[in-house]
Structure formats: C-alpha cells, structure tokens
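Work through the exercises below with the coordinates open. Each task is followed by a stepwise solution.

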Amino acid sequence: MLEYDAFGWILHPFASAAGGVRSLLWDSETQRLYAGGYEEFGYFHRDDYGSLTYVSLSETLEGRYEKQNDEPWNILKFDGKIYFQYFSSFFVYDGREVVPVAFNGELVLFFFRLRDGIYTDERSSRFCRIDPETNGFVKEPFNVNLSSRIIVGFDLKDGTRLLVTERDGTFARRNGASDYERLLPPPNGARKINRAILTRREELLLGTTTGELLAFNCKGDKLWELTDENGLPGASIENIHEDLQGNVWLAMTKGIAVVYTGSAFRSLPIPTEKFGDIGDAVSYNGFYYFGTDRGLFRSRTTDLLSYEPVSPICDRVWDLCAVDGQLFVGTGQNTYSISREGRVQSISNISGGMDAQRARINDKEVVVQSTYSDICLYVRNERNEWVWSHNLPNFWQPIRSIEVDYQGNIWCAHILRGLFRITLSNDLRKIIDICYFPSLDPARKAEETIFVHRLNNQVVFSNGKNFYRYDEADRTMVCYDRLNESLGDFRSTTRIQAIGNNQYLVDNNRNKVARIVCEGDEIHFLHYLNIEVLQAYFLDRHQYILPIGEGRYLFSMDRGFALYNEGTELNAVWSPQLHISSIEAMDSKGGAQLLPIPAVGQSMEIGAQIDAMEIICSYPDYTAHQGGSIHCRIEGPRGVSNEYTLKSNTVNLSALSPGSYSIRLQASDSSGKIRSTCTLQLHKRTHPMLSGWALGIYLLVMLSGLWLVVRFRERRLVRRNLEEQEAIRREQQQQLVRMENERLNSELTSKSKEIANYAFLQQRHNQVLTSIQERLREQRLALGTQYPKKYYNQLVGLIDESLSSQDEWKIFERNFDLIHHHFFRNLKTRYPELTSNDLHLCAYLRLNLSSKEIAELMNITTKGVEIARYRLRKKLHLTESQSLIDFMLNV
C-alpha cells in the first residue's frame with residue numbers, strides 16, 4: 001500500500017501472496033484503514049511509533065472458507081459493519097468476527113452504498129439491496145431495461161436517487177417518483193464508465209476505461225472534461241476519491257493523478273495543433289479574440305469552448321488593442337483593423353506590430369504602435385476611423401512595448417536591451433530628442449532587458465528585480481523604493497495588467513498572481529491567485545491576463561486557457577493538521593531506534609545516551625502547490641539554538657546536551673498566514689555519572705585531590721630548593737676545580753715551553769761546542785806540531801766537560817709524552833716517516849706557539865716555518881679545511 005503525506009510516498013508491505021492492494025476504506029470511527037488484495041483482506045492501524053501495522057482478517061476464516069482465487073473490488077461500511085466485496089463472494093466484519101457470504105455462482109462486480117443500505121447489480125435480480133439480517137439479495141423496483149451493469153448509485157440532498165451504468169448512461173429517480181428517467185446519455189464511442197463519485201458540490205464525476213474524467217451537475221449539464229489532451233495519461237480510471245479538501249484523486253492503470261476541483265480555476269483546453277501558442281487576447285464587441293502563432297481566432301463571450309478563425313489573418317499575431325470601437329491586430333506581416341461590424345482590413349504594411357497605445361501628444365490624439373523596426377502613428381480620417389499616418393524618421397529599433405507619459409514623451413522598451421525616450425516635434429513628424437538608457441541602474445554599464453508599465457497614469461520601469469522611475473530634475477533613473485517595498489515579493493514582476501478602478505493583476509514570475517490596488521506609491525494586496533494548481537506555465541514574455549467580468553479572468557497558459565472565478569474556492573470541511581509522524585533517535589555508537597510519539601501536550605524523556613534525533617513531521621495539505629512552507633524554531637537548554645524554514649519534512653537534531661528542548665513547527669500558506677502549529681517538548685536525561693550526588697562525590701574527590709596536589713607541590717618545592725642549593729654548591733666546587741685545572745694546565749704549558757726551550761738551547765749549545773771541537777781538530781791536523789798539543793788537549797778537555805753527557809731532546813720527548821699522553825709515540829706510530837725536525841715542529845704546534853716563536857726556537861726564518869708547516873701537512877695528509885693545530889691538539 002502506498003501512503004502519500006504531501007511530501008513523499010511511503011510503501012507499506014501487505015500480506016497478500018500477490019502483494020498488491022486492490023481496495024481501501026478509511027474508517028474514521030475506529031481509525032483503521034481497511035485493505036483488500038488477492039485472497040487477503042484486513043486493516044492497517046498506526047502504532048505508538050507512527051508506523052502502519054497490518055492485521056489480517058482473512059486468516060480468521062481458516063477452515064471455514066475456501067479461497068476462490070479472486071480479489072476485492074469494493075470495501076464499504078454501513079450500519080457499523082465492513083463489507084469486503086469479491087467477485088464470487090463478500091465478507092461482513094462487525095468488529096468481532098468475519099462472516100463469508102457466497103454468491104451461489106453469480107458474478108457480482110459492483111457494491112455501492114446508498115442512504116438505506118448496500119446495493120448491487122446482481123445479474124438475475126438486477127438492481128437489488130442486501131438484507132443486513134440475512135445478507136441475502138432483495139430486489140428493488142427498476143423500470144429501465146439495461147444492456148450493461150449498474151456500477152454505482154447516489155442519493156442527492158433533495159431526495160433524488162442517481163444510478164450510473166457502464167454504457168447505458170445515468171438515470172435519476174426524483175423525490176416522490178417511482179420510475180427512473182435518463183439524466184445523462186450513454187458515453188460516446190468506445191467509452192465505458194468504470195467508476196463514479198458524487199462530490200460535496202453534488203457534481204457527478206465519471207471515470208472511463210479509456211482514460212476520460214467527465215464532470216456534470218445534477219441537472220445533467222456538462223461542466224468540464226479531462227482527457228489525454230489536457231493532462232490525463234489516457235489510462236483506465238480504476239478508482240476515484242474526493243478528499244476532505246475537495247481534491248479528486250484518480251487511481252489509473254498508469255499511475256495516480258489529482259484534480260483540484262476545489263480551486264477557483266478551470267482549465268479550458270484548446271486544440272493546440274490547430275490553435276497554436278497564444279500571444280495576446282482581448283474582449284471586443286461580444287467576442288473574445290485570441291492572437292496565436294497561427295492567426296486570429298475568436299469565440300463568443302458566452303461560449304469559451306468554441307473557436308473560429310478570423311479570415312484573412314493567418315500570420316502570427318503579436319498584439320491586440322481595442323481603441324474606440326476599432327480593433328488593432330498587429331501581425332508578423334501587417335497591421336489589421338476590425339470594425340464593430342466585423343469588417344477586416346489591412347491598415348499598415350509595416351511588419352511585426354508589437355504594441356499599440358492610444359495617447360495624446362502635443363494636444364493631438366494618436367495611436368502609437370511599436371513594430372519590428374519602426375514606430376508608427378495613426379490618426380483619424382474623415383470617417384472617424386483610425387488610419388496609418390506615418391513612421392517616425394531615423395529610428396529603426398525592434399520595440400516590444402511602449403507607454404506615453406503626461407508630457408507626450410514616448411518610452412520604448414527594446415525587445416532585448418535598453419530603453420528609449422523619444423520627444424517629438426509639434427507636428428509629430430520629427431524626432432527632436434532621443435535619450436537611451438542601457439540599464440535602469442545608473443551604476444550598471446551593461447545593457448539589460450527593461451519593461452515599461454503604467455500605474456495610476458504614471459510611467460514606471462522594471463528589470464525583473466526592482467521598479468524604477470524617471471527623475472525629471474536629474475534626468476536619470478532612480479530606484480522606486482516605496483513601490484518596491486509595497487510590492488514585496490512581487491517587485492520582480494515584468495507584467496502588470498490593468499483591470500479598472502486603479503486595480504491591477506501582477507505576478508511574481510513564479511506562477512503566483514495577486515490582485516492589487518494602487519494608491520499613490522502604496523500597494524495593497526486584495527487577493528492572491530495561486531496558479532500552480534494548473535500545472536502549466538505562462539508563455540515567456542507573451543502572456544496575458546484578460547479580465548472578462550467582475551472577478552473573472554482568463555489566463556493564457558502553455559496548454560490553453562485558465563478561467564478564474566474569484567471567490568468560488570471550495571471551503572474544505574477539514575483543515576490539515578501539522579503533526580509528528582516519526583521520531584528516530586541515534587546514540588553516539590551509531591545505533592538507531594524509533595521512539596513512541598507523545599500525545600499532544602505531553603513531553604517526552606530521552607535517555608542520556610541519545611546523541612542525535614531525526615523528527616519527521618506530516619502536513620497532509622494536498623493543496624501545498626499553493627506555495628506554503630513549514631518553519632521550525634528550536635529552543636534548547638541555552639535558549640534559541642536554531643530557527644529556519646524546512647526544505648523537506650525532516651528536522652535533524654545533533655550533539656544533544658542534557659536539558660529541555662522545545663521544537664515548534666508552523667505551517668504557513670503562500671501569503672505567510674500560519675495555518676497549523678505543532679510543538680514537541682522533550683527532555684534529555686543527565687547521565688547517572690553526572691547526577692547531583694555523583695557531582696558531590698566528584699567535588700569531594702577533586703578537593704581531596706587538590707589538597708594532595710598542594711601538599712605534593714609544597715614538598716616537591718622544598719625538595720627542589722634543596723636540590724638547587726646542592727647543585728649550586730656542586731657547581732661552585734666544579735668551578736673551583738676547573739679554575740685549578742686551568743691554572744695547572746697553564747703552568748704545565750708554560751713549563752712545557754720552558755723545557756722545550758731549554759732542551760733546544762742545550763742542544764744548540766752542544767752543537768756549537770761540537771762544532772768548535774771539530775774546528776780545533778781540523779786546525780790541529782793542519783798545523784801539526786805548530787799547534788802545541790798541550791794547548792789542544794786543554795781546549796778539547798774544556799769542551800768535553802761542557803758537553804752534556806745525555807741527549808737533552810730525548811729527555812724532552814720522554815717528559816713531553818708523560819705530560820701530553822704519548823704525543824710523540826702516537827705520531828711516530830701513525831706517521832713513521834716524520835723526521836726529528838718534523839717532530840720538533842709538531843711539539844711546538846701542540847704548545848700553540850706562534851710562527852715567530854717557532855722560528856726563534858728552530859733558528860730559522862718565519863717563512864721557513866711556513867714551508868715546514870706546509871710539508872708537515874702533506875706528510876700528515878691533511879686537507880685544506882683541516883686545522884694543523886687542531887690536529888696536534890687531538891693526537
């Protein structure tokens with residue numbers, strides 16, 4: 001079973017083996033929806049969670065009735081009993097048990113209820129009533145011979161009884177009469193009446209197997225007809241139902257349709273293949289004239305359903321304008337005139353007459369016409385007829401519409417872009433000034449489409465967003481703020497239709513029309529016309545609204561006409577109520593569950609584990625096409641947390657904190673009037689771990705913990721102070737040790753330098769004495785006996801006594817290694833190719849002596865020191881980036 005709540009469709013499973021539901025009956029007394037399908041019947045009821053649950057009644061027949069392989073055609077209620085009608089039998093349910101009744105081989109197709117009982121067309125007895133005591137058939141008097149079955153009957157308020165047949169027509173028995181008379185003739189052709197209902201207006205609606213819906217009043221007059229040419233799909237109508245708002249629902253073999261019979265609109269379909277698209281219309285001389293893209297047509301004002309072409313006009317008609325008993329017809333080729341006598345003649349060969357206005361310019365009465373390319377002027381001739389006079393020179397623009405202001409200026413709206421103001425000479429033959437406005441907003445440079453209108457004899461302009469007026473003093477366009485504010489949502493209109501008495505029809509370009517009255521700069525809305533019910537749209541920029549009487553208007557639509565009779569809307573016997581249809585709760589772990597829906601005025605409690613909720617509301621307003629909305633206001637523990645208009649029928653709550661919430665929903669119509677409200681009060685419980693006593697314990701624990709933390713921090717602070725003092729003392733001791741070590745290292749370095757200097761001087765001393773000793777030997781050998789041996793031996797002995805008996809450098813190396821951790825031993829081990837001078841240089845570099853100091857010790861020049869350093873680097877394989885002194889310090 002399908003359920004529709006004006007927001008969407010919901011599919012409910014059914015217990016039938018075939019799955020389909022054939023018949024339904026709503027019982028408002030028990031709040032049950034009875035349903036029947038293939039070999040199955042029962043009822044749906046809504047549970048506390050808002051869901052429809054099915055209960056089978058046919059199961060109670062197990063063992064008492066053998067199923068006959070059929071399905072129910074009707075479900076009716078009479079005298080507190082429910083009747084399920086199948087083709088071979090019917091079942092009576094009194095609320096306690098089900099009683100089966102067989103037809104004894106007869107095939108019964110239709111059950112229907114009248115004022116005094118349940119009736120049917122049983123083939124042998126014909127028209128008969130079911131006896132509620134015996135469930136047998138009681139034959140009723142019927143004086144008509146039929147070739148088809150009676151499908152339904154109705155009792156009217158005046159006592160008249162109607163019987164509708166499949167192919168023989170409809171028959172009526174007036175109050176007090178005994179015989180039936182034909183009210184409606186048999187349906188045409190292959191039509192066969194399949195279903196019929198009597199509406200609250202006592203209009204008889206007949207649905208056929210070929211897909212037509214026919215409407216008649218109780219006098220037999222045809223009111224309207226819906227076919228596949230004006231909205232229906234051409235499928236067999238299987239059931240018809242009128243809801244409490246006056247809407248008629250059609251169940252068809254190709255889907256579901258709704259007909260808004262309670263609306264003040266009536267759709268008037270036309271044969272579009274012959275008629276074409278409508279461009280303009282006018283009421284003139286007892287006829288309605290309609291200009292289309294296939295010529296000019298007319299119908300008498302008393303018969304809107306019959307049209308005839310107007311010859312010889314067969315080209316596209318753009319404009320119709322009645323002026324002083326003469327009808328101007330602007331077409332794609334010529335402009336025609338139609339007199340009161342119906343005489344048609346061409347009065348201008350200028351193509352594309354778009355708009356014509358009677359005006360007074362420079363004290364001269366004229367008709368000004370815009371066309372594809374020219375502005376034409378018409379004047380009266382000697383027979384007081386309007387005839388073409390001339391075209392305005394040097395102006396060739398396609399102008400869609402024109403208006404003439406009180407000064408005689410002609411305002412011309414271009415078809416696509418911009419606006420012109422034309423000022424004429426006194427004889428109207430010349431243009432003395434042209435002012436072009438690419439857009440209405442002075443700050444906007446780009447061109448835009450502009451529309452020109454007349455309100456209370458004032459020329460105003462619009463661009464589909466706002467209205468503007470011309471400021472004569474500044475010679476510029478200014479935004480008409482007061483008018484825009486008064487129009488509100490209708491400020492975007494591009495169409496204004498005068499209907500007299502300072503009243504106008506305007507639309508908001510979204511299939512919504514209003515009747516307004518203009519008083520100065522103020523606009524007052526008198527009536528709203530919601531035309532979305534027609535499921536059709538205005539033709540783009542060539543639509544019209546034609547007043548045809550007091551409160552009666554004819555709309556041009558893309559499927560023909562729509563006739564509106566103001567004040568004839570059907571007053572619904574029931575107003576839809578906004579209510580909560582489903583509540584689903586989600587916890588933080590992703591689990592979801594349905595919650596019972598509280599009764600009106602009651603609050604609901606939700607658990608502390610609930611983190612989010614999805615609330616689905618229903619507002620079964622089946623006239624919601626009228627542009628209503630549902631507004632949601634959510635008040636939480638901290639005040640209003642959200643307020644918005646729903647895009648669907650779902651309210652989502654997330655990150656719910658403990659506390660009370662109020663969700664207020666308001667259903668409004670298109671004018672903003674509140675039609676229904678609904679409030680859901682809920683309270684989210686606090687988690688047990690966050691309750692009052694738990695918070696008290698938490699507070700005590702926190703205070704105890706805080707006391708422990710303070711005590712711990714105090715002890716840690718004392719311990720830290722002691723540690724800091726100890727660290728300072730150790731740092732001071734370490735500083736003293738470092739200072740002492742630095743002093744000792746300094747003394748050690750100084751002593752090392754002294755030792756090195758002494759060793760070098762001693763070595764030099766020995767070298768000098770050895771050299772002197774060698775020279776003495778050379779002189780002794782050269783002089784022989786001339787050099788007394790006594791003196792030679794004396795000098796040599798003195799020299800030998802002065803020479804050190806030990807190698808001073810060896811002593812230096814040994815002491816240096818002891819002080820500097822085997823410096824020379826490491827060098828000799830790693831670099832055995834180093835000479836004695838290289839080792840001397842390494843020692844001096846280790847002592848961080850300058851090149852000048854090294855030169856003095858080694859008795860060479862400073863440059864010689866640099867050369868020695870360079871050679872040493874080569875032997876040590878050092879790169880340019882490596883420091884020689886750093887290398888020595890790390891050996």
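**Exercise 1: a four-stranded sheet**

In this predicted model, four strands form an open sheet in the order S11-S12-S13-S14, with antiparallel pairing. Task: find which strands stand at the edges, and describe the link between S13 and S14.

Solution.
1. Strand S11 (111–114) and strand S14 (137–139) each have a single partner strand, so they are the edges and one side of each lacks a neighbour in the sheet.
2. From one strand to the next, the twist averages 40 degrees.
3. S13 covers residues 126–130 and runs antiparallel to S14, joined by three bridges.
4. For a register check, take Cys128: Lys139 in S14 stands opposite.

**Exercise 2: a buried carboxylate**

Task: locate Asp471. Which side chain of opposite charge is nearest, and how far away is it?

Solution.
1. Asp471 sits in strand S45, residues 467–471.
2. Asp471 is buried.
3. The nearest side chain of opposite charge is Arg469, 4.8 Å away.
4. A salt bridge needs a distance within 4 Å, and Asp471 has none.
5. Next, look for a backbone partner. The Asp471 side chain reaches the backbone nitrogen of Ala473 at 2.9 Å.
6. Leaving out residues up to four places away in sequence, Asp471 touches Thr476 and Val478.

**Exercise 3: how covered is H7?**

Task: state how many residues of helix H7 are buried, and inspect what follows the helix.

Solution.
1. H7 spans residues 836–846.
2. Nine of its eleven residues are buried, so the helix is mostly covered by the cut-off of under 20% relative accessible area.
3. The buried set includes the charged residues Asp838 and Arg846. Leu839, Leu841 and Leu845 are also among them.
4. After H7 comes Asn848, with a positive phi near 55 degrees.

**Exercise 4: unusual backbone angles**

Task: examine Gln31, Glu202 and the bond between Ser311 and Pro312. Is Gln31 buried, exposed or partly exposed?

Solution.
1. Start from the baseline: most residues other than glycine have a negative phi, and most peptide bonds are trans.
2. Gln31 has a positive phi of about 55 degrees. Its loop runs between strand S3 (21–27) and strand S4 (32–37).
3. Gln31 is partly exposed, at 47% relative accessible area.
4. Glu202 also has a positive phi, near 55 degrees. Its loop lies between S19 (193–198) and S20 (204–208).
5. Glu202 counts as buried, at 18% relative accessibility.
6. Ser311 and Pro312 are joined by a cis peptide bond, with omega about 5 degrees.
7. Pro312 lies in the loop between S30 (308–309) and S31 (317–323).

Conventions. Residues are numbered from 1 along each chain as its sequence is written. This is a predicted model: local features need pLDDT of at least 70, side-chain atom pairs count only at pLDDT 80 or more; totals for chains, interfaces and linings use all residues. Side-chain values use heavy atoms; hydrogens and water are left out. Helices (H or I, at least four residues) and strands (E, at least two) are DSSP runs, numbered from the N terminus. Buried means under 20% relative accessible area, exposed over 50%, partly exposed in between (1.4 Å probe, protein chains only). A polar contact is a pair of N or O atoms within 3.5 Å; within protein, one must be able to donate a hydrogen and the other to accept it, and residues adjacent in sequence count only if both atoms are side-chain atoms. Contact means heavy atoms within 4.5 Å. Two strands pair if DSSP finds at least two bridges between them. Axes are lines fitted to C-alpha atoms, for helices over the stretch in contact, and angles run from 0 to 180 degrees between N-to-C directions.
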